[in-house]
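The exercises below ask you to read a two-chain model step by step, with a worked solution after each task. Keep the sequence and the 3D view side by side while you work.

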Amino acid sequence: MPRSSPSLDMTPMVDLAFLLVTFFMLTSKFRAQEPVVVDPPSSSSQILLPENVMLITIDTAGRVFFDLTGKDIRRNMLQNVATKYKVTFTEQQYQRFAVMGTFGMPVVELPAYINADEKKRTLIDKTATGIPIDSLNNQLSDWVQEGYNAAERDNMAKFPDGKAPKDKRVRYAIKADGMTNYTKVKKVIDIFRERQIFQFNLITNLKGAGPAKS
Amino acid sequence: MADVSTGDDGGGKKGKKRPKKGTTRIDMTPMVDLAFLLLTFFILATTLSKPKTMEIVYPKDVKDPDDKMKLNFLLANTIILGEKDNQVFYYPGKFKLDTTQLEHVDLSKDGLRKLLLDKNKNINEAVLKLEEQLKNHQLADSTFKRLRSKTKGDDNAPFFIVKTMNKTKYKTVIDVIDELNICNINKYAVVDIADAEKIALKREIKE
């Protein structure tokens with residue numbers, strides 16, 4: 001019996017592998033670098049983070065960071081906030097902001113942050129003061145409001161009949177470090193409540209806990 | 001010589017050497033390696049990047065839970081979270097500075113979980129029954145979800161008020177809410193501690 005060569009036709013396998021690679025490459029979204037490392041507490045909840053989300057990050061020192069998904073929405077939001085605080089942004093800065101990630105500083109300092117490169121940004125992030133949430137200078141409240149407005153306008157443009165599906169509407173997530181004082185988190189939640197927003201997704205790590213048994 | 005290569009039999013006789021027609025087969029192993037490496041990377045990267053969350057609804061008005069308490073104190077339960085990690089206290093019903101005794105519970109399985117399961121026994125059993133029915137395919141998924149939320153929102157279900165101090169850690173709050181979720185308790189609210197309760201808490205910690 002002649003020894004058949006051990007090589008086999010790998011073409012279909014390669015086809016499949018590349019198909020999957022392409023699929024995952026296109027569907028996966030890379031997380032933008034996070035300005036602060038936050039270690040959320042663990043829970044047994046299995047709910048995944050929704051798609052369109054306004055994310056508030058709170059670190060151990062109580063600094064507040066803001067993030068919102070969606071290029072057009074971000075741009076729109078920044079325009080409105082800029083007019084309100086009389087800060088001017090260039091067209092290039094708008095474009096860079098649209099693809100940026102989380103940020104945490106007063107609006108005045110934002111242009112410098114947008115202009116900075118990655119290395120400089122990490123430096124700024126270390127000393128950033130977070131978004132002001134005092135009652136006198138409550139910038140977070142404006143970000144929340146304008147972010148919500150921008151998201152709603154975006155939905156109106158996509159669904160002119162005004163019936164955006166539930167999963168397309170913006171949700172509110174809070175990611176806080178386990179060692180943060182709850183008062184800081186509560187302050188942020190109260191700002192949302194003033195804006196008539198009551199439902200939140202609190203980001204947690206998964207821990208292995210079985211279902212309740214009596 | 002004697003061995004004849006299968007590729008060009010007869011070619012040698014004419015004297016003209018035609019270039020050997022190479023097979024179109026190339027060694028694809030490195031490419032496959034690379035493809036699967038990328039595949040693995042993307043699969044892992046996508047599933048890991050979606051964090052888990054816990055959904056919570058806050059009451060519309062700060063005074064809301066207190067109003068509810070006026071309705072039925074028999075169903076009211078309060079959990080007070082102190083400033084240190086393991087300072088979790090519990091008392092049932094209405095708070096009275098003189099008579100209310102705070103009960104220290106810990107966040108272990110035999111502590112808070114046992115207490116909550118005990119308080120929520122009826123609801124919990126009903127939910128377990130529904131889960132059993134779902135397992136045996138007696139219930140459709142949508143019906144199960146509807147019935148479960150109906151059971152959890154029952155009028156006679158006990159409700160829990162979680163009270164926090166100024167320096168309570170976020171982790172403790174999440175731990176307690178998680179326990180409430182595990183024990184199928186749907187009615188809860190997180191509010192600030194009252195002054196009278198602060199006094200009772202101080203008394204308890206000193207002891």
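**Exercise 1. Find which strands helix 3 of chain B lies across, and place them in their sheet.**

Solution. Begin with helix 3 (residues 109-119) of chain B, which lies across strand 2, strand 3 and strand 4 of chain B and runs at about 115° to strand 4 of chain B. Here helices (H or I, at least four residues) and strands (E, at least two) are DSSP runs, numbered from the N terminus, while axes are lines fitted to C-alpha atoms, for helices over the stretch in contact, and angles run from 0 to 180 degrees between N-to-C directions. This is a predicted model, in which local features need pLDDT of at least 70 and side-chain atom pairs count only at pLDDT 80 or more, whereas totals for chains, interfaces and linings use all residues. Residues are numbered from 1 along each chain as its sequence is written, and chains are lettered from A and ligands numbered from 1 in the order in which they are written.

Next, look at the sheet: five strands of chain B form an open sheet in the order 4-3-2-5-6, with mixed pairing, where two strands pair if DSSP finds at least two bridges between them. Strand 4 (103-105) and strand 6 of chain B stand at the edges with a single partner strand each, so one side of each has no neighbour in the sheet. On average, neighbouring strands of this sheet are turned by 30° against each other, direction ignored.

Finally, take one pair from the sheet: strand 2 (residues 76-81) and strand 3 (residues 88-92) of chain B pair in the antiparallel sense over five bridges, and B:Leu81 stands opposite B:Val88 in strand 3 of chain B.

**Exercise 2. Describe the side of chain A that touches chain B, and find which element supplies its largest share.**

Solution. First count the residues: 44 residues of chain A are in contact with 41 residues of chain B, two residues being in contact if their C-beta atoms, placed from the backbone, lie within 7 Å. Then list the elements of chain A that each supply at least two residues of this side, namely helix 1 (11-27), strand 2 (47-48), strand 5 (171-176), helix 7 (182-194) and strand 6 (199-206). The largest share, nine residues, comes from helix 1 of chain A.

By residue type, the side of chain A that touches chain B divides into 26 nonpolar, 15 polar and three charged residues; Ala, Val, Leu, Ile, Met, Phe, Trp, Tyr, Cys and Pro count as nonpolar, Asp, Glu, Lys and Arg as charged, and the others, Gly among them, as polar. Strand pairing also links the chains, for strand 6 of chain A and strand 1 (residues 52-57) of chain B pair in the antiparallel sense over six bridges, and the bridge partner of A:Phe200 in that strand of chain B is B:Ile56.

**Exercise 3. Compare A:Lys86 with B:Asn184: which is buried and which is exposed?**

Solution. Start with the backbone: most residues other than glycine have a negative phi. Phi of A:Lys86 is near 55°, a positive value, and B:Asn184 has a positive phi of about 60°.

Now locate them. A:Lys86 is found in the loop between helix 2 (71-85) and helix 3 of chain A, and B:Asn184 in the loop between helix 6 (170-182) and strand 6 (188-192) of chain B.

Then apply the cut-offs: a residue is buried if 20 or more other C-beta atoms lie within 10 Å of its own, exposed if 12 or fewer, and partly exposed in between, with C-beta atoms placed from the backbone. A:Lys86 is exposed because 8 other C-beta atoms lie within 10 Å, whereas B:Asn184 counts as buried because it has 22 C-beta neighbours inside 10 Å.

**Exercise 4. Find where confidence is lowest and highest among the elements of chain B.**

Solution. Take the chain as a whole first: pLDDT is the predictor's confidence in each residue, from 0 to 100, and its mean in chain B is 77, with 80% of the residues reaching 70 or more. Confidence is lowest in helix 2 (residues 64-71) of chain B, at a mean of 53, and highest in helix 6 of chain B, at 88. Over residues 1-14 of chain B the pLDDT stays under 50. Where pLDDT is low, the predicted coordinates should not be read in detail.
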